[in-house]
Structures are given as structure tokens and as C-alpha cells.
Amino acid sequence: VDTKARTLEVMTGVGHALRLERMKVDPACEISHAGKKAALRDLKRGQVIRIQYRTTPEGKMAQAIETVEIPGGGGK
Amino acid sequence: MQPRTEKAFGTLPATAGVLLLSGLLLLAGCPKEPKLGDPLNGLTPEQKDQFNRGRVEFERVFTPETGLGPLFNSDACAECHESPVSGGPGDEVELHMTAFLPDGPFCDPLVQKGGPVIQQQVTPALKAALGIDSEPEPPEATGRGLRTTPDVFGFGLLDAVPDETILALADPDDANGDGISGRVNRFFDGRLGRFGRKALVPALRDFNNGAFQIEQGITSPAVPDEGTVGGQPIPPGVDPVPEPEITQEALDLTDAFVRFLAPPAPKKLSKEGKRGEKTFSQIGCNTCHVPKLKTGNHPVKALANKEVVAYTDLLLHDMGAELADICLGLATPAEFRTEPLMGLRLSEEIEEGEPRFLHDGRAPTIEEAVRLHGGESAASRDRFNALSEADRKALLEFLRSL
């Protein structure tokens, strides 16, 4: 996450065909973390996020970002 | 005088006749065990048709004119997964590279440099444009992992094992104190991983869809772009076939072929082999190589609520510094998914090249592969090393039956 430039890089892909998506973050982008309103600086490297974006002539523009909680577990 | 047989039947009481008939019907309804490369029992005629048509796609050989490359590892699925039939293991070895950044710790799959799969072949057009014979290796990589070609028999069943089953086997903090601390890997979107030597890939469909692009340079509706050459755009004119290079139908059929491949039936065990099977459990191999998993509910009846004798827990385990190579997702360089042992004998019986075992093929025999286990498996390995020669032979005979 580059908070100054309001951009982020997201790892995505299918199987081992991985892709790095670079996105701008719309000033009006709604960001939520653990169900609460958050800021871009609250997003940390390695966090799983879900993004809604639109494609603009300048590239992809994030409209909404929410962090996704990963369930733990275990009991062997 | 009536013939003897006719007379005998004629004297059978009515109830015995009914019992005999029932027995015959049961035998007729008992499906034959699938041979290697056959589909699962219990598929519908439509699913069998998809399987058969999918085999054609799996065996289809691509050329640059039909979409191959510009970077690739192989020109057909069945070029690598080939021995002794399509879907079996192969002698090809590929290269994966990533960077493990200890601050975090965080794994960078080096996508911006062409990682994590560094393709080993190029089309003539790409060679002419860039003068390279393979994708450049990223200098930022901290790990270099060779990967052998596994068989894919029974993978549809592994795909149908519920996440909850895998999570229930996990013990990330070794709470039970047995020295084994399996944990799950997760894809970048948070889904639980299970395919690939580092268990990064959550679903068989993802694995198959991704493989077309990453292994053959074939774009599809699922992966519609060719990616990069070491992070640089593909030079204009070297990939003339418009995207996507295969249809959704071809993708679906290939997936159906892999999904419906039956697991290899284990060989019948001798008395020694049965003793080896017990030893396998006694020395603790079964803690990670969990003999049976059960699939959950599934829209394909042949995959629903079935036992799969896979000998894996689909979890990551620390295998020690000697085997460590790359990180991937949450997996550290030393962590590998427990390799399913179903079909193990096929790698020993491989028709081309030399047998190779372990993720990178460094072990020429099953015995050597066991001896190279480290980390969490060191205690079991030591117990293996301490076995009498007869017990060790019995255990290896069991492993060769899988």
C-alpha cells in the first residue's frame, strides 16, 4: 500500500498463474476493516482484502475495499 | 432321462432359487475396479462422455500456431503427466522461484519478475525476439525449487474433501505435543489451499485452469492474458493467436477428465506387505500421511461421501533445512504439503527417465526419500532407520503397493 500515492498492489490469480494487480484508490473509496470504517493506512501487507473496482482510462480504480478475516482452526 | 444339471435345478426348492438369483444379480451389479487411467465408477453417461472428450483435450498437443507459448514448460498436459497412461507421473522437472522476506515473514512470489513458475522453454518467435532459451531467473529470488511431475489420479476426490476435515487435522501449535504441527496454507484470497507441493492452490479447477497458461502458455477465459517474460511485456508479434487460445468448453472438458480419473488401486499385499503396513503406522508415518480422507457432499455422485486412500493430510509440515527451497503463500521454505502416497509405485515404474522421489526428485528410490525426511518427520525417519532389515523391506513393500 502506498498511502501517499493512494495506490495498492494486490496479488491474485488462478492456480499457479499468479498476477499482480496495481490499482488506484478512489478518494471516495469506502474501506472497512473488521466490519468498521477504516483508512488506507490500516491495510497491511499480506492482508486478504476484497475489492470492488471500476476500469478507467488510467487503470483500475478501487471503489470499495474490505478486509477478509481468515478462519483459523485445528484440533489434531 | 433328463440331463443331470436340468434335473438338479428342477429339484431346487423355490427359496434356494430366489437366493441364487439374488446372488447373481448382486455380482452383476458389482462394478469392476477401474484400471489405471479409467474414470471413477458411478459416473453418469454424460460425465463419462465429458471424461472421454476431456482426455482428448488433455492429450492435445499445441504448437505456436495453435497458441503454445511464447513461454511454456510443455506442449501438452499429457506430455508431462504421461506414464504409463495420461494422468500418470512424468520425468519432466520444472523450476519455481520466490523470495522469502524474513521481516513479517512474508513470501514474495516474484510475479513482477515472472515468478513463481519460471518457464523452461520458449517459442522460436520469442527466441528470435529476445535471444533467450528460457524465462530469465529473477535475481531477487531467495529460493529455487525444482518440481517433479506428479500423477493426478484421484485428484477429484482430494478436491471433494471438505475444508473442515483438513482444518480438523491441523495442529499448528502442536497442542498435542506429538512433535507434528501441520498447518494449512491459504491462497491470496483466503481460501484454504490443498494442491501443489506447497498446498497453495485451493481447488482442482484453479489448478487445471492455471496450468494451461503457466505450463503451456495457453490463455483461456479463466486466465485470458499471457503474463510477462520475466516481468517484461511480451514483445509484439511473438504470440499471434488471439486470446483466449482455448475455449471454456475445452477448459471444462480437461477439468472433467482430471476430476473423474479414478485413484490407482493399490496392489494386493503379501503377508510381508501387510506387516509393512502396520510398521508404517507404528513408526508414525501415518501421522502426516493419513491413510484415508472422506469426501463430503458433492454434486457429482461418484465424488460424494467417498473414502480416498490418499495417505496425506493435505497440510504443511516443516521438513527441515536440508529439503527447504522456496516459500509460497504462507508456506515457509522448509514447509511442504504431505505428498499423497496414492500412486507412489507409478513413479518407481516410470517408463521414461529415471525414478525420482520427493518434491524435487532428489531421491532416486523410495527408501532414500524416507531417509531424506527431516524436521517434523525426523523422529519417524529415525525409527525407520532403526528398523531391522526385514521390517524395512516389509515397509518398502507396502509403499510399493500404493
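**Rings and a helix face in chain B**

Me: What sits over the ring of B:Phe106?
Reply: In this predicted model, the charged end of A:Arg45 sits over the ring of B:Phe106, at 4.3 Å from its centre.

Me: And what about the face of B:Phe336, which residue lies over that?
Reply: That is B:Lys198, which is placed 3.8 Å from the ring centre.

Me: Switching to ring pairs, how many aromatic pairs are there over all chains?
Reply: Searching the whole structure gives nine aromatic pairs over all chains. One of them joins B:Phe51 and B:Phe257, whose ring centres are 4.9 Å apart with the planes at 40°, so this pair is tilted. Because B:Phe51 belongs to helix 3 of chain B and B:Phe257 to helix 9 of chain B, the pair ties together parts that are 206 residues apart in sequence.

Me: Is B:Phe51 buried or exposed?
Reply: B:Phe51 counts as buried, at 0% relative accessibility, and B:Phe257 likewise counts as buried at 0%. These two residues form one aromatic cluster with B:Phe58.

Me: Back to helix 3 of chain B, which of its residues are buried?
Reply: The buried ones are B:Gln47, B:Phe51, B:Gly54, B:Glu57 and B:Phe58. They lie on the same side of helix 3 of chain B, because they cover an arc of only 115° around the axis.

Me: What covers them?
Reply: The cover over the buried residues of helix 3 includes helix 4 (77-80) and helix 9 (248-260) of chain B.

Me: Which exposed residues are on the face turned away?
Reply: The face of helix 3 of chain B that is turned away from the buried side carries B:Pro45 and B:Val56, both exposed.

Conventions:
Residues are numbered from 1 along each chain as its sequence is written. Chains are lettered from A and ligands numbered from 1 in the order in which they are written. This is a predicted model: local features need pLDDT of at least 70, side-chain atom pairs count only at pLDDT 80 or more; totals for chains, interfaces and linings use all residues. Side-chain values use heavy atoms; hydrogens and water are left out. Buried means under 20% relative accessible area, exposed over 50%, partly exposed in between (1.4 Å probe, protein chains only). Helices (H or I, at least four residues) and strands (E, at least two) are DSSP runs, numbered from the N terminus. The arc is that of the directions from the helix axis to the C-beta atoms. Contact means heavy atoms within 4.5 Å. Rings of Phe, Tyr and Trp (its six-membered ring) pair if their centres lie within 6.5 Å; planes under 30 degrees apart count as stacked, over 60 as edge-to-face and the rest as tilted. A charge sits over a ring if NZ of Lys or CZ of Arg is within 6 Å of the ring centre and within 35 degrees of the ring normal.
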